Structure formats: structure tokens, C-alpha cells
Amino acid sequence: MEQRHLGRTGLRVSRIGLGTLTWGRDTDEHDAADMLKAFWEAGGTLVDTADVYGDGEAEYLLGRLIDGLVPRRDLVISTKAGSVPDPDRRFDGSRGHLLAALDASLGRLGTDHVDVWHVHAYDPFTPLEETLQALDLAVSSGRARYAGVSNFCGWQLAKAATWQLAAPGARIRLASTQMEYSLLQRGVEREVLPAAIDLGIGMLPSSPLGRGVLTGKYRNATPADSRGASEHLAPFVEPYLDDTASRIVDAVTTAADGLAVTPLQVALAWVRDRPGVAAPIVGARNAQQLTAALSVEALSLPDEICRALDDVSAPLHRYPDHDWSTL
């Protein structure tokens with residue numbers, strides 16, 4: 001699998017990442033082992049998790065598989081911290097919480113460091129410089145090799161990255177930002193992606209298959225074994241089952257038929273090769289789904305197909321986004 005630099009850093013990652021959102025909950029140890037081995041054998045390196053996935057079980061599970069199945073040195077492990085099970089405060093970006101969460105993640109993973117550590121979301125109740133100081137401490141102490149953010153909007157990302165570049169002292173450059181990005185969700189193109197490209201921050205798209213909808217599996221009905229039929233994941237899928245999404249899925253299916261490939265391959269290749277993207281994170285539930293995603297390695301979409309997909313899924317950009325002088 002082709003390797004790409006993560007933003008403006010020396011770290012190289014596989015251009016498809018393996019997500020573990022369902023590990024320890026919908027994906028058991030057997031399926032997780034099959035996926036990790038298949039991913040590694042295909043040349044994949046980037047494995048993404050978070051301290052809240054499966055209430056920590058995803059990290060435990062990944063930790064049990066490291067070395068016994070796949071050498072730790074062959075993986076680029078990314079995890080996140082900052083989400084908390086508090087209805088009054090969904091995110092805690094305080095230095096104390098973040099560093100304690102990192103130590104807990106390392107314990108579950110059974111490793112002395114993670115390769116990339118992300119703040120899971122912006123915390124409006126904590127000074128940003130305090131949150132960023134936790135990233136600096138994590139890297140300077142060797143507990144994390146690189147650091148980034150997740151779910152930061154455009155101004156939040158730009159403020160954080162600029163602070164790291166301009167503030168005095170030993171500050172670490174943000175390596176990456178993880179955001180939802182697909183043909184069904186192109187909101188990051190307004191401000192987040194331009195900021196990331198300008199600042200040299202690698203984009204790691206989550207839900208690159210539109211929460212599974214871009215595979216075409218929901219075109220006629222909701223499969224009984226799909227996330228859309230799952231009690232706790234159905235609300236996650238439902239926003240992308242509207243008429244707008246249906247038109248985009250139809251276009252993806254048409255393109256796939258013309259290229260003799262699958263809609264999954266078309267949708268994943270499109271987002272993988274967008275400007276600024278380092279590696280989409282694929283959250284497969286079993287080895288069969290992952291193998292289907294990994295088969296995209298040999299596919300590059302023709303320019304005319306990309307333009308057609310761009311047109312049918314184009315978000316509405318108005319003042320002051322991008323080139324307002326044309327309005």
C-alpha cells in the first residue's frame with residue numbers, strides 16, 4: 001500500500017487507515033484479529049482508535065493483538081482523548097484530564113507510546129493554550145510521537161495551529177486533523193481543509209463511505225445486518241438516507257458500473273485522492289468488508305468521473321467562503 005507523509009511531518013502512514021469504532025462492541029476479538037492481520041498483510045500501517053470506543057474496550061482489544069499478531073513496530077497507532085460521559089460537558093480539554101486519559105490509553109494498549117495523539121474535540125470551557133500544552137507535554141515526555149486534533153472547525157484549527165507555531169518555547173506542530181469527510185459530507189471543504197492545507201496539517205477523513213451509505217447497501221432497503229438496522233447505530237446512519245444522499249449514491253453507482261468496480265471503491269478512491277487528504281479511516285465491521293475497502297489500492301478515478309462526482313455532490317459555498325470576488 002502506498003505510504004504518505006502525515007501533513008508537514010516526517011511521519012509516513014498508509015493511505016488507508018483502519019478504524020476501530022466498533023471493536024469490543026459490535027466487532028469481537030476474532031473478527032478484529034482477522035482485520036488487523038489482513039490490513040497489515042496489505043501494507044496498512046495506520047490504526048485509529050479512541051479512549052471512548054467501546055468504553056475503552058477497543059484499546060484493550062488492540063493492545064491484546066499487538067505483537068502477538070502484528071509487530072508493534074509495523075503499526076502507526078493513533079488514539080484520541082477528550083470525550084467524557086457527561087451530559088453537561090461532552091468534552092474535557094483540560095491538561096489534567098487529557099494527560100490522565102493518555103496514561104490510561106497507554107495502559108490499555110500495552111505500549112509506552114502512541115504514534116499520533118488527537119484531542120477528540122474542542123472544549124469551549126478550557127483555555128485553548130492549556131489544551132495545547134497537554135499535547136506538548138505528551139510529545140516531550142515521549143508518550144506520543146506526534147499530535148493533532150479532531151472535530152475542530154476552521155477557526156479553531158487555525159487558531160490552534162497558529163498558536164503552536166507562534167508561541168514561545170518548545171511547541172510541537174500539529175500533524176493532523178481528523179474530520180468526517182465523504183461525498184455525502186463535504187463541509188470541511190469550506191474552511192477546515194483550506195486551513196489544513198495552508199498550515200501543513202494532514203487530513204484524516206472519518207466515515208469516508210458516508211457512514212456506509214455510499215456502498216449502495218441502503219438503496220432499496222435496510223439490510224438486517226447493517227449499522228442502519230442496529231439500535232445504537234441507526235441514528236448515526238439516518239441523516240444520510242435522504243433524497244439528496246440518494247442522488248449522490250445513484251451517481252456513485254453509475255460511475256462504478258461504468259468502471260466495472262463497486263460503489264465502495266469509487267467513493268473511497270474519491271476521498272482518498274482529494275487534496276490535503278493523508279488517509280481515510282475505514283471502519284469495517286469484519287475482514288470481508290475490510291478486504292473490499294483495501295481493494296481500492298489499484299483504483300484511480302478518471303478525471304471525468306471525479307468531475308461528475310464533484311458536481312453532483314457539490315456543497316453550496318457562499319460569502320465569505322473561498323473566492324467571494326466571483327459572487
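**Briefing: cavities, sheet and a helix pair**

Helix α5 (residues 154-166) gives the largest share of the lining of the second largest cavity, 3 residues. That cavity belongs to a predicted model, which holds 2 cavities of 30 Å³ or more. An open sheet of 8 strands and a crossing of helices α3 and α4 are also covered below.

**Second largest cavity**

- The volume of the second largest cavity is about 30 Å³.
- Its lining is made up of Ala161, Gln164, Leu165, Arg173, Leu174, Leu199 and Ile201.
- By class, 5 of these lining residues are nonpolar, 1 is polar and 1 is charged.

**Largest cavity**

- The largest cavity encloses about 40 Å³ of space.
- Gly93, Val119, Ala121, Tyr122 and Asp123 are among the residues that line the largest cavity.
- Thr126, Leu128, Thr131 and Phe152 also belong to the lining of the largest cavity.
- The class count for the largest cavity is 5 nonpolar, 3 polar and 1 charged residues.
- Thr131 has two roles here: it lines the largest cavity, and it is one of the α4 residues that meet α3.

**Helices α3 and α4**

- Helix α3 spans residues 95-109, and helix α4 spans residues 128-140.
- Their axes come within 8 Å and cross at roughly 30°.
- The crossing of α3 and α4 is right-handed.
- From α3, the residues in contact are Arg95, Leu98, Leu99 and Leu102.
- From α4, Glu130, Thr131, Gln133, Ala134, Leu137 and Ala138 meet them.
- The contact of α3 with α4 counts 6 nonpolar, 2 polar and 2 charged residues.

**The sheet**

- Strands of a sheet pair through backbone hydrogen bonds, either parallel or antiparallel.
- In this model, 8 strands form an open sheet, and the pairing is parallel.
- The strand order is β9-β8-β7-β6-β5-β4-β3-β10.
- The edges are β9 (202-206) and β10 (281-282), and each of these strands pairs on one side only.
- Within the sheet, strand β3 (residues 17-19) pairs with strand β4 (residues 46-48) in the parallel sense.
- This β3 and β4 pairing runs over 2 bridges.
- Leu18 has Val47 in β4 as its bridge partner.

Key: Residues are numbered from 1 along each chain as its sequence is written. This is a predicted model: local features need pLDDT of at least 70, side-chain atom pairs count only at pLDDT 80 or more; totals for chains, interfaces and linings use all residues. Side-chain values use heavy atoms; hydrogens and water are left out. Axes are lines fitted to C-alpha atoms, for helices over the stretch in contact, and angles run from 0 to 180 degrees between N-to-C directions. Helices (H or I, at least four residues) and strands (E, at least two) are DSSP runs, numbered from the N terminus. A crossing is left-handed if the near helix is turned anticlockwise from the far one by less than a right angle, and right-handed if clockwise. Contact means heavy atoms within 4.5 Å. Ala, Val, Leu, Ile, Met, Phe, Trp, Tyr, Cys and Pro count as nonpolar, Asp, Glu, Lys and Arg as charged, and the others, Gly among them, as polar. On a 1 Å grid over the protein atoms alone, a cavity is a set of points where a 1.4 Å probe fits but cannot get out, and a pocket is an open set with protein on both sides within 12 Å along at least five of seven lines; lining residues have an atom within 4 Å of a point. Grid points are joined across faces, edges and corners, and a volume is the space filled by probe spheres set on the points. Two strands pair if DSSP finds at least two bridges between them.
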